[in-house]
Amino acid sequence: MSATARTHPGSNRDSSRQHNLSTVLRLVHSTAGISRAQLTRTTGLNRSTIAALVAELSQLGLAVESDLDTAQLHGRPSIKIDPSPAALALVVNPDVDVVSVALVSLGGHIVNTVRFHTVRAPSGVEVVNIVTAVYSGMRTSLPAGHRVMGVGLAIPGLVRPDDGTVIEAPHLGWQDEPLSSRLGEALGLPVFTANDAVVGARAQAAFGAGRGVADLVYLYGGASGIGGGVISDGRLIRGAAGFAGQLGHTHVRTGGTSCTCGSSGCLEAEVTRAALIEAVGLPSGEIENLEEVLLEKLQDGSANDKLRAVIAHQIGLLAVGLKTVMSLLNPSVIVLGGFLRILVRAAPGALEEALADCGTRGPWKDVRIELAPLGDDPILIGAAELVFEPLLSDPAGFLQRPADE
């Protein structure tokens with residue numbers, strides 16, 4: 001608005017309505033369902049205002065009023081408001097051996113997932129072709145009235161924040177890959193792109209072990225290495241160029257293995273999923289069963305000395321990396337996902353014992369280590385949050401925009 005523009009009389013009212021609509025939808029989304037009474041208590045708005053806002057969200061296809069909430073122990077039961085299953089995000093997570101594609105609805109519910117396995121790291125063009133084919137099949141089976149709001153793209157590499165270009169994804173062999181714009185052109189949907197571990201941190205903060213935690217670190221180990229996301233004082237740390245959270249390049253071993261970043265002894269170069277797979281002797285077609293097979297070998301006594309040595313070695317170096325993370329960031333919770341959770345489960349108490357060597361004082365004293373849920377769900381759910389954020393900020397305005405914006 002220019003300095004000479006006049007403010008319309010209804011502007012303040014519209015701004016207040018947008019804010020209230022956004023507040024209510026965020027609560028419905030983050031709680032995956034909430035009663036009218038709880039909305040009234042949480043927002044401080046009166047019951048008639050809440051009723052009007054909920055009615056508008058229902059009309060927009062973003063919320064659904066369900067049966068009476070009988071969970072209340074006192075007073076009159078209240079209508080329960082659930083996020084609409086009709087509001088969807090298409091999410092994509094390419095990796096060196098699989099391209100994961102899913103539909104996620106408001107409330108963080110994964111509706112449908114397809115994991116397209118590849119014999120080598122796919123190119124950007126191949127990812128577009130895979131996603132286009134998978135989405136075509138998904139779209140034909142959607143019930144009437146369901147709407148895909150956009151694409152959330154989670155990348156195991158560095159992403160330029162302003163246009164979503166993949167600056168570098170070493171394990172995929174990508175440099176300056178315009179995957180975001182290619183997908184947008186192919187699907188006719190807006191595309192929102194970020195690093196995979198960063199979106200995983202968002203998912204943990206919104207729905208997982210980091211919910212309600214102001215200072216959180218999420219470390220995810222996958223085929224492409226180890227990534228991280230950092231939330232400090234309730235805010236995701238992005239850095240000057242949006243590249244903060246590259247915790248896989250924390251130095252853990254002097255004179256160690258060469259890393260894709262050009263250094264050596266980085267956490268992701270020393271602690272790898274590939275080493276675990278080799279030690280277990282798992283065929284490439286059964287990699288998704290790594291945790292189950294590894295734990296079974298340890299429990300039935302069939303684990304060999306090599307496997308036990310790899311686990312011990314990786315836990316020791318993971319502890320070194322976590323000590324650095326704790327010292328630098330002083331989180332209250334660290335969430336470990338991907339194959340990192342396998343390491344912790346494979347040797348109960350070993351990581352805590354290694355971290356205990358830090359002593360009883362300092363930034364590590366009260367840090368809680370949590371394990372993310374099994375599988376890649378946090379990354380898929382976090383990628384959907386990229387799509388839903390502009391919708392949550394301005395529900396009515398977002399739905400009124402042209403599809404190509």
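A residue is called buried when its relative accessible area is under 20%, exposed when that area is over 50%, and partly exposed in between. In the predicted model described here, Asn 289 has a relative accessible area of 35% and is therefore partly exposed. Asn 289 is placed in the loop that runs between helix H8 and helix H9, the latter covering residues 290-300. Along the chain, Asn 289 and Leu 189 are 100 residues apart, and in space their C-alpha atoms are separated by 34 Å.

Helix H8, which comes before this loop, contains Arg 273. With a relative accessible area of 18%, Arg 273 counts as buried, because the limit for that class is 20%. When residues up to four places away in sequence are left aside, Arg 273 touches Asp 97, Gly 222, Ala 223, Ile 287, Leu 290 and Phe 339. Arg 273 and Gly 338 are 65 residues apart in sequence, whereas the distance between their C-alpha atoms is 9.0 Å.

The packing of helix H8 (residues 273-280) was examined next. The axes of H8 and H10 come within 8 Å of each other and cross at roughly 160°, an angle which makes H8 roughly antiparallel to H10. The crossing of these two helices is left-handed. On the side of H8, the residues that take part in the contact are Ala 275, Leu 276, Glu 278, Ala 279 and Val 280, and they meet Lys 306, Leu 307, Val 310, Ile 311 and Gln 314 of H10.

Helix H10, which spans residues 305-329, also packs against helix H11, which spans residues 339-346, and here the axes lie 10 Å apart at an angle of about 110°. Since angles from 65 to 115 degrees are counted as roughly perpendicular, H10 and H11 are therefore described in that way. H10 passes H11 in a left-handed crossing. In this contact, Ile 311, Gln 314, Ile 315 and Leu 318 of H10 meet Phe 339, Leu 340, Leu 343 and Ala 346 of H11. Ile 311 and Gln 314 are thus named in the contact of H10 with H8 and also in the contact of H10 with H11, while Phe 339 of H11 is among the residues touched by Arg 273.

Helix H4 offers a check on helix geometry. At 1.5 Å a residue, the 17 residues of H4 (residues 124-140) should span 24 Å, and the C-alpha atoms at its two ends are 25 Å apart, which agrees with that expectation. The buried residues of H4 are Gly 124, Val 127, Val 128, Ile 130, Val 131, Val 134, Tyr 135 and Met 138. Seen down the helix axis, these buried residues fall within an arc of 165°, so they line one face of H4. The face turned away from this buried side carries the exposed residues Asn 129, Ala 133 and Thr 140. The elements that cover the buried residues of H4 include the strands E4 (87-94), E5 (98-105), E6 (109-117), E7 (147-155) and E10 (174-177), together with helix H5 (179-187).

Helix H5 contains Glu 185, which has a relative accessible area of 69% and is exposed. Glu 185 and Val 128 are 57 residues apart in sequence, and from C-alpha to C-alpha they are 9.8 Å apart in space; Val 128 is one of the buried residues of H4.

Helix H1, which covers residues 11-31, holds Asn 20. Asn 20 is buried, with a relative accessible area of 16%, and, residues up to four places away in sequence not being counted, it touches Leu 45 and Leu 53.

Backbone angles were considered last. Most residues other than glycine have a negative phi. Ala 32, although not a glycine, has a positive phi of about 55°. Ala 32 lies in the loop between H1 and strand E1 (34-35), where it is partly exposed, with a relative accessible area of 28%. Asn 330 is likewise not a glycine, and its phi is positive at about 50°. The loop that holds Asn 330 lies between H10 and strand E15 (333-338), and Asn 330 is partly exposed there, with a relative accessible area of 47%.

Terms used: Residues are numbered from 1 along each chain as its sequence is written. This is a predicted model: local features need pLDDT of at least 70, side-chain atom pairs count only at pLDDT 80 or more; totals for chains, interfaces and linings use all residues. Side-chain values use heavy atoms; hydrogens and water are left out. Helices (H or I, at least four residues) and strands (E, at least two) are DSSP runs, numbered from the N terminus. The expected span of a helix is 1.5 Å times one less than its number of residues. Buried means under 20% relative accessible area, exposed over 50%, partly exposed in between (1.4 Å probe, protein chains only). The arc is that of the directions from the helix axis to the C-beta atoms. Contact means heavy atoms within 4.5 Å. Axes are lines fitted to C-alpha atoms, for helices over the stretch in contact, and angles run from 0 to 180 degrees between N-to-C directions. Angles under 35 degrees count as roughly parallel, over 145 as roughly antiparallel, 65 to 115 as roughly perpendicular and the rest as oblique. A crossing is left-handed if the near helix is turned anticlockwise from the far one by less than a right angle, and right-handed if clockwise.
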